[in-house]
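Let's walk through how to read aromatic pairs and a helix. Have a look first, then we'll talk.

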Amino acid sequence: MPTRERACRWNPHPAQGFEQRPPQLASARVGGSARHLHPHPFSRPRLQLLKILVLHILHVLAASLTLGLCLGLAFVVVPRSRRLGDAAATRAALASVLKVIDPALIALLGVLVMTGAYQVTGLKQDLGFEYFTSFAQHFASKLGLAFLVVMAGTWLSMGIGHRLVREEGYGEPPEAARINSLAARLRGAAISVALLLLATITFSLRH
Ligand code: HEM
């Protein structure tokens, strides 16, 4: 019995018969089997499918790691460092973690943007005009959210985190008020990035 399918990432042309599909999809026909009669995730050339899958996994993995990193910074690293009491010890503890977290955060944001952009190219090719009539409508809002994530993440890493690492490295005299203020800003920025990430992830999953 024929099933009614929605256009999706894996099967962008469900209404058309297999033979009318674009040549890059038709070429995936498995000789002798009835697989081509049913829209199926593996009805596309395997290498292309693998590429989509790897990009998708990397994209979602980068989003999850970035979220974990920000939550860890806000709810574990900063509170623990502040509990040390002494300004010099707080700065040293924060700097030792930020030395790793700062570049990691920038790298993860880069992976998010690059894997997202690569997926867009494939989607344009697959969806054709439908890309503009359905997908791109929501995608503009998603890109707006992603832009805010990248801006806030860069501010967290380069604007606050790197300043603390640099002051520690240069051995500047630790002023309690200043270090407290930087730690509070660091936590606020990490929470903001985490919230923006959650909004972007929720939006991506719902559209
Ligand atoms: C920076 C924060 C970002 C986050 C947190 C994020 C999150 C996500 C998530 C969770 C998905 C999976 C959705 C699903 O499986 O249904 C996804 C898919 C996707 N994202 Fe992102 N993303 C971000 C940035 C970007 C950027 C900058 C681009 C493009 C330049 C992009 C393009 C895409 C595309 C094309 C998909 C696949 C949509 C589909 O296959 O239907 N993303 N994103």
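**Reading rings and a helix**

A: Let's start with Phe139: at 16% relative accessibility, this residue counts as buried, since buried means under 20%. Keep in mind that this is a predicted model.

Q: Is Phe135 buried or exposed, or something in between?

A: Phe135 counts as partly exposed, because its relative accessibility is 27%.

Q: How are the rings of Phe135 and Phe139 arranged?

A: Look at the angle between the planes: under 30 degrees counts as stacked. The planes of Phe135 and Phe139 are at 25 degrees, with the ring centres 5.0 Å apart, so this pair is stacked. Both residues sit in helix 4 (residues 130–169), four residues apart, which is about one turn of the helix.

Q: Why is the pair of Tyr131 and Phe132 edge-to-face?

A: Angles over 60 degrees count as edge-to-face. For Tyr131 and Phe132 the planes are at 85 degrees and the ring centres 5.1 Å apart, so they fit that label. Tyr131 is buried at 6% relative accessible area, whereas Phe132, at 49%, is partly exposed.

Q: Which residues form the aromatic cluster?

A: Tyr131, Phe132, Phe135 and Phe139 make up one cluster.

Q: How do I check the length of helix 5?

A: Allow 1.5 Å per residue, counting one less than the number of residues. Helix 5 (residues 176–206) has 31 residues and should span 45 Å; its end C-alpha atoms are 45 Å apart, so the two agree.

Q: What do the buried residues of helix 5 pack against?

A: They pack against helix 2 (46–83), helix 3 (87–127) and helix 4. The buried residues of helix 5 include Ile179, Leu186, Val193 and Phe203.

Technical notes. Residues are numbered from 1 along each chain as its sequence is written. This is a predicted model: local features need pLDDT of at least 70, side-chain atom pairs count only at pLDDT 80 or more; totals for chains, interfaces and linings use all residues. Side-chain values use heavy atoms; hydrogens and water are left out. Rings of Phe, Tyr and Trp (its six-membered ring) pair if their centres lie within 6.5 Å; planes under 30 degrees apart count as stacked, over 60 as edge-to-face and the rest as tilted. Buried means under 20% relative accessible area, exposed over 50%, partly exposed in between (1.4 Å probe, protein chains only). Helices (H or I, at least four residues) and strands (E, at least two) are DSSP runs, numbered from the N terminus. Contact means heavy atoms within 4.5 Å.
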